[in-house]
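Here are my notes on the model you sent over. Have a look at it first, then read on.

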Amino acid sequence: MKIEDEIKSTVALNISKKIILNIMYTQNILSEKFNEILKPYDLSGEQYNVLRILRGQKGNPANMCVIQERMVAKTSNTTRLVDKLLLKELVTRNVCPDNRRKIEVLITQKGLDVLSELDPKVNAHENAMTSNLNTTELEQLNTLLEKYRNK
């Protein structure tokens, strides 16, 4: 369905506005469906992102700057996110022995187990959301989005 129909616009939209609205509308659909997957685990998308970043460290701790740099949503409050994950016992936080001003965060086994449980559900979600596009179209969409974002 065209974006004008989705938002029930009665005025003609120029192509730039259509693109922006389409991206925003699509992002909301993706977020809503993704949040439904995370809800039973009492996780936000940002908390999930932190856990994925920490799992990618392969057993090595990450400091707050590393986590912040790798976040999808750069405006996230990393300290608050880590605090919430700490309360859920999904991460540990320690003062770096070499630099007492630096905080190191490590994913726990419980955090790894939650991600292992979520992985097939997230993969199924990603596949479902892209199932109406073939490989060439997916590659083209990805290229265009990267080009659009990196203007």
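The points below go from the domains to the annotation and then to one lysine.

1. Before anything else, keep in mind that this is a predicted model. The chain splits into two parts: domain 1 covers 1-41 and domain 2 covers 42-127. Taken over C-alpha atoms, the centres of domain 1 and domain 2 sit 28 Å apart.

2. How many residues of each domain are in contact with the other? On the domain 1 side there are nine, and they meet 11 residues of domain 2. About 900 Å² is buried between domain 1 and domain 2, with carbon and sulfur atoms giving 70% of that area. The residues on the side of domain 1 that touches domain 2 break down into six nonpolar, one polar and two charged.

3. If you go looking for salt bridges across the interface of domain 1 and domain 2, the rule finds zero. Polar contacts are another matter: six residue pairs make them across this interface, with both partners at pLDDT 80 or more.

4. On the annotation side, UniProt has an unreviewed entry that puts the feature "domain: HTH marR-type" at residues 16-150. In the model, residues 16-150 are 65% helix and 9% strand. The C-alpha atoms at the two ends of that stretch are 16 Å apart.

5. Searching the whole structure turns up four salt bridges. One of them pairs the side chains of Lys 88 and Asp 42, at 3.7 Å from N to O. This pair ties together distant parts of the chain, 46 residues apart. Lys 88 lies in the loop between helix H5 (78-87) and strand E2 (91-95), while Asp 42 lies in the loop between helix H2 (15-38) and helix H3 (45-55). For the cut-off-minded: the rule asks for a Lys or Arg side-chain nitrogen within 4 Å of a carboxyl oxygen of Asp or Glu, so the 3.7 Å pair of Lys 88 and Asp 42 counts.

6. What else does Lys 88 touch, leaving out residues up to four places away in sequence? Besides Asp 42, the list holds Leu 43, Gln 47 and Lys 110. With Gln 47 there is also a side-chain polar contact of 2.9 Å. So when you inspect this loop residue, check Asp 42 and Gln 47 together, since Lys 88 has a salt bridge to Asp 42 and a polar contact to Gln 47.

7. For a sense of scale, compare Lys 88 with Lys 17. These two are 71 residues apart in sequence, and their C-alpha atoms are 42 Å apart in space.

Note on methods:
Residues are numbered from 1 along each chain as its sequence is written. Side-chain values use heavy atoms; hydrogens and water are left out. Domain bounds come from an automatic or database domain assignment. Contact means heavy atoms within 4.5 Å. Buried area is the accessible area (1.4 Å probe) that two parts lose on being put together, summed over both. A polar contact is a pair of N or O atoms within 3.5 Å; within protein, one must be able to donate a hydrogen and the other to accept it, and residues adjacent in sequence count only if both atoms are side-chain atoms. Ala, Val, Leu, Ile, Met, Phe, Trp, Tyr, Cys and Pro count as nonpolar, Asp, Glu, Lys and Arg as charged, and the others, Gly among them, as polar. UniProt positions are given in the numbering used here, feature names are shortened, and annotations may be inferred rather than shown by experiment. Helices (H or I, at least four residues) and strands (E, at least two) are DSSP runs, numbered from the N terminus.
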